[in-house]
Every structure is written in C-alpha cells, then in structure tokens.
Amino acid sequence: MSLRDQIIGARDLREQTVAVPEWGGPVLLVEMDGATRLSFDDESAALKADGRKEDGMGLAARLLVRCIHDPETRERVFADDDAPKVMKKNPKVLMRLFRVAASLNTATEKEVESEAGKSAGAPSAG
C-alpha cells in the first residue's frame, strides 16, 4: 500500500459513542473532518460579519448537527440546516452531547464563548 493510500484510508478522526436514553439509544459523535470544520468556521465568520450574535445553544446545535452520526451506519444523522430543529431538543441533552463534541473538536470553553459572542446563553462547565 502506498503512503498516499495509507493516509487517505486512515481513520484519524476521533469519535465517542454517547448514551442518550432520552432519544432511545446511543449516538456516535465524530470529530469534524477538514471540509466540515471549514464549513462550520465559515458559517461562524458569516454570522459575525453580519453582526448577528449567536447564543450558546445555537452554537451547540450547529456543532452537533455536524458531529452526530448513526452508530450502526456511521453516517451523519443531520444536515447542516437542521440546526434550528435540533436546537428545540432538551437543552440538558444538547449540552451533554456538546461537551463531548467540543472536546473531540478541541474547542476549548474560551473558544466557544468567544465564538458565541460571550452571550448569556453560552454553554458552561457547570
């Protein structure tokens, strides 16, 4: 196997299965790949450029739609534009999943607060 094929075939994205009894079973949270991360960052920049402040729950939903995968098929469950629908789910569940997804994507709490405009709704460690 060539080095190119080895690199392309490597499963190098971190992942974690999380139990979500409220939703009937586990979900697989997967670190965003480069293209997905760029899309996420571009969307964040566009919100900021438009002068729109995003609350913490909105940021959490935008991250989660990109990271939640079906544990059996390993496919993404949601499209990017499903974030407003996901944001209507139980906030305790969303925050529990967000903490794992943020960790997988190496987003620190300071980065998250900065990205969300340090709004009152930003996720916290408590």
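In the predicted model, A101 has its place in helix α5, where the residue is buried, with a relative accessible area of 0%. When neighbours within four places in sequence are left aside, A101 is in contact with L29, L63, L64 and C67. A further spatial relation links A101 to E15, since 86 residues separate the two in sequence, whereas their C-alpha atoms lie 8.6 Å apart in space.

Three of the partners of A101 belong to the packing of helix α3 against helix α5, as L63, L64 and C67 of α3 and A101 of α5 are included among the residues that make this contact. The axes of α3 (residues 56-67) and α5 (residues 91-104) come within 9 Å of each other and cross at roughly 65°, and the crossing of α3 past α5 is left-handed. On the side of α3, the contact is formed by M57, A60, L63, L64 and C67; on the side of α5, P91, L94, M95, L97, F98, A101 and A102 take part. By residue class, the contact of α3 with α5 consists of 12 nonpolar residues, with no polar and no charged residues.

Within this helix pair, L63 touches F98, A101 and A102, and is also in contact with M32, F40 and N105, when neighbours within four places in sequence are left aside. L63 is in addition one of the residues that touch the most other members of the largest nonpolar core, a set of 26 residues in which L29, L64 and L97 share this position with L63. Contributions of at least two residues each come from the strands β1 (15-20) and β2 (25-30) and from the helices α3, α4 and α5. Of these elements, α5 gives the most to the core, with nine residues.

Another position in helix α5 is that of V93, which counts as buried at 0% relative accessibility. Residues up to four places away in sequence not being counted, V93 touches V20, E22 and W23. The C-alpha atoms of V93 and W23 are separated by 9.1 Å, although the two residues are 70 residues apart along the chain.

Helix α3 also contains R66, a residue that counts as buried because its relative accessibility of 3% falls under the 20% cut-off. Apart from neighbours within four places in sequence, R66 is in contact with M32, T36, S39, F40, E43, R76 and D80. Of these partners, M32 and F40 are also in contact with L63. The C-alpha atoms of R66 and T36 are separated by 7.2 Å, with the two positions 30 residues apart along the chain counted as their separation.

A contrasting environment is found at R74, which is placed in the loop between β3 (68-69) and α4 (83-86). R74 is partly exposed, with a relative accessible area of 34%, and the phi angle of R74 is near 70°, a positive value in a residue other than glycine.

For the protein as a whole, the secondary structure comes to six helices and three strands, and the elements run α-β-β-α-α-β-α-α-α from the N terminus on. Buried residues make up 35% of the 126 residues. Among contacts with a separation of 6 or more, 61% are accounted for by residues 24 or more positions apart. The accessible surface of the protein comes to about 7,800 Å², and 53% of this surface belongs to carbon and sulfur atoms.

Conventions:
Residues numbered from 1 in each chain as written. Predicted model: local features only at pLDDT ≥ 70, side-chain atom pairs only at ≥ 80, totals over all residues. Heavy atoms only, no water. Axes fitted to C-alpha atoms, helices over the stretch in contact; angles between N-to-C directions. Helix = DSSP H or I, 4+ residues; strand = E, 2+ residues; numbered from the N terminus. Left-handed = near helix turned anticlockwise from the far one by under 90°. Contact = heavy atoms within 4.5 Å. Nonpolar A, V, L, I, M, F, W, Y, C, P; charged D, E, K, R; others polar. Buried < 20%, exposed > 50% of the residue type's maximum accessible area, 1.4 Å probe, protein only. Core = buried A, V, L, I, M, F, W, Y, C linked by side-chain atoms within 4.5 Å. Areas by Shrake-Rupley, 256 points an atom, 1.4 Å probe, with all protein chains shown as cover.
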